[in-house]
Every structure is written in structure tokens, then in C-alpha cells.
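Me: Hey, I'm new to this one. Can you walk me through how the pieces touch each other?
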Amino acid sequence: MTFFQIYFQALLVILGMMSLLWIISIIIKNVSIVDLFWGFGFAIANVFYFISTKGVGPRKIIVLILVTVWGLRLSGYLSWRNIGKGEDFRYRQFRSRYGEDRYWWISFFQTFLLQGLLMWLISAPLLGANFSGTEKSLGILDFAGIFLWITGFIFETFGDCQLARFKTVPSNKGKVLSTGLWRYTRHPNYFGDSAVWWGYGLISISAGSFFPALGSILMTALIIKVSGVTLLEKTLADKKPGYRNYIETTSAFFPWFPKK
């Protein structure tokens with residue numbers, strides 16, 4: 001099969017998963033499960049790419065391991081953090097705005113279909129790495145991609161752990177975490193997520209698939225401009241009095257030494 005045949009088959013697989021997830025959300029009346037599925041969905045998509053492309057080589061095995069580890073960690077962490085806490089406030093607001101009798105079907109297009117399409121577009125470098133994964137030996141870009149992935153995974157994992165630990169201390173309520181990795185970037189988890197995906201992009205380029213790396217750019221743009229940094233900064237600046245000072249002293253995204 002050609003690259004695009006596999007890619008469009010993956011679209012059907014992803015939309016099928018999202019439709020099933022949507023049905024479950026109707027039964028349990030909780031749209032938040034779509035967020036828990038984000039990382040796991042990429043792991044499933046990558047398994048599909050691994051199976052649908054020819055051969056088994058070091059690059060394909062490396063990408064399989066990296067995506068599976070990243071996806072399961074992210075979904076596992078979000079499940080641990082959110083299960084039992086009810087539906088996220090964003091979805092409760094939508095439910096209240098549209099009404100129970102309408103939101104059940106609106107949520108499919110507004111949330112599940114949209115996230116499914118984004119997952120499909122962003123997953124392109126995973127197919128790029130798998131599609132030509134056995135045709136070229138590992139090169140410097142592969143090792144650069146693995147290094148970026150390790151760096152991103154460390155920032156994402158330790159950033160989440162440090163924040164979770166910070167929130168367990170009652171006296172920290174309303175305060176700003178500015179130690180550990182959070183001393184060097186206001187969003188170590190988002191930076192880590194972006195670095196992970198640039199790692200996949202470099203591996204895809206090393207395999208000879210250049211344009212699929214656009215998926216890494218799309219993921220970074222979403223993290224910085226849409227659903228991540230920009231959206232969260234607006235909320236935190238209003239909720240936490242010390243956050244404006246934190247903004248003035250700490251790098252927004254890329255890790256750097258704090259300003260005095």
C-alpha cells in the first residue's frame with residue numbers, strides 16, 4: 001500500500017475509536033474521557049502504522065517503543081489525576097450552554113471528531129518513520145530525535161510529578177510552583193511534549209519522509225497557541241496573584257535561567 005492509502009485507513013481507525021469513546025461518554029455522561037484517551041490513541045495509531053507498513057527494522061521498533069511509552073504514561077497520568085473528579089469544567093460549561101438534550105450529539109462534532117482529526121494529522125510523522133523505516137539505516141538524525149525524545153520525556157514526566165507533589169501540600173493552594181524544572185520554564189510539561197514530537201519528526205525525516213514532520217509543527221502550534229500555554233496563562237494570571245511576577249522572571253516555554 002502507498003503512504004496515503006495507509007494514512008487514510010488510519011483516519012477511519014481513529015474516527016472509529018473516537019466514535020466508540022463518544023458513545024461511552026454518553027452512557028457515563030462525562031466528555032472528559034476524551035482527554036484521558038489522547039496519549040493512548042496515538043499509541044494505537046502507531047501500532048496500526050507499524051503493522052500496515054513493510055518489514056521490521058530498528059527504526060520501526062524504536063518508534064514503537066517510544067510512542068507506546070509516551071502514550072501510556074500520558075494517559076495513565078491523566079487518568080490518575082482526573083478519574084473520580086467528575087467532568088472537566090470546560091465540558092460542564094458546554095453542557096450547560098447547549099443543554100442536556102443537545103450536547104450529547106454536539107459533543108461528537110465539537111470534541112470527539114475534532115480531536116480525532118487532530119490526532120490523525122499530528123500522527124503523520126509516526127507513519128513517516130514507519131513507512132520508510134526499513135529502507136535506510138539509522139543515522140545522526142535518528143539519534144538526535146531519540147535525544148530530543150528523552151529530553152522531552154524527562155521534562156514532561158518530572159514536570160508533572162513536581163506539580164502533583166506541589167499540589168498535595170495544602171499550604172501551597174493559590175501559590176505558584178517556581179522550583180525544580182518550573183524554575184527554568186513556566187511549562188516544562190508542554191515543552192517536553194513538544195520536544196517528544198520533534199523527536200518523532202526528526203526520525204521521520206531521517207527515514208526519508210519529510211512532509212509528515214509537519215505533524216510535529218502542528219502539535220507545537222497547538223501546545224503554544226491554542227490548547228496549552230496561551231489558554232492556561234490567561235487563567236493562571238487571574239487566579240494566582242504571584243503568577244504575573246512569575247511571568248516576568250521565568251521563560252514561557254523554552255527552558256532558560258530565570259531573570260533576576
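Reply: Sure, starting with helix 1 and helix 6: F3, I6 and Y7 in helix 1 meet A124, L127, G128 and F131 in helix 6. Contact here means heavy atoms within 4.5 Å, and helices are DSSP runs (H or I, at least four residues) numbered from the N terminus. This is a predicted model, where local features need pLDDT of at least 70, side-chain atom pairs count only at pLDDT 80 or more, and totals for chains, interfaces and linings use all residues. Residues are numbered from 1 along each chain as its sequence is written, and side-chain values use heavy atoms, with hydrogens and water left out.

Me: How do the residues of the contact of helix 1 with helix 6 divide?
Reply: Six are nonpolar, one is polar and none is charged. Ala, Val, Leu, Ile, Met, Phe, Trp, Tyr, Cys and Pro count as nonpolar, Asp, Glu, Lys and Arg as charged, and the others, Gly among them, as polar.

Me: And at what angle do helix 1 and helix 6 pack?
Reply: About 140 degrees, with their axes 11 Å apart. Axes are lines fitted to C-alpha atoms over the stretch in contact, and angles run from 0 to 180 degrees between N-to-C directions.

Me: What about helix 6 and helix 8, how do they pack?
Reply: Helix 6 (residues 124-131) and helix 8 (residues 188-206) are at about 35 degrees, axes 8 Å apart. Helix 6 brings P125, L126, G128 and A129 to that contact, and helix 8 brings W197, Y200, G201, I203 and S204. Six of these residues are nonpolar, three are polar and none is charged.

Me: Switching topic: how many salt bridges are there?
Reply: Seven, taking a salt bridge as a side-chain nitrogen of Lys or Arg within 4 Å of a carboxyl oxygen of Asp or Glu. One of them joins R73 and D160, at 2.9 Å from N to O. R73 sits in helix 3 (residues 58-82) and D160 in helix 7 (residues 140-167), so this pair ties together parts 87 residues apart in sequence.

Me: Are R73 and D160 buried or exposed?
Reply: Both are buried, meaning under 20% relative accessible area (exposed is over 50%, partly exposed in between, with a 1.4 Å probe and protein chains only).

Me: Which residue does E87 meet in a salt bridge?
Reply: R95, at 2.7 Å from N to O. E87 is buried at 10% relative accessible area, and R95 is buried at 13%.

Me: Which residues are linked in a network?
Reply: D35, D88 and R90 are linked by salt bridges. R90 and D88 pair at 2.7 Å, N to O; R90 is partly exposed at 32%, and D88 is partly exposed at 25%.

Key. Helices (H or I, at least four residues) and strands (E, at least two) are DSSP runs, numbered from the N terminus.
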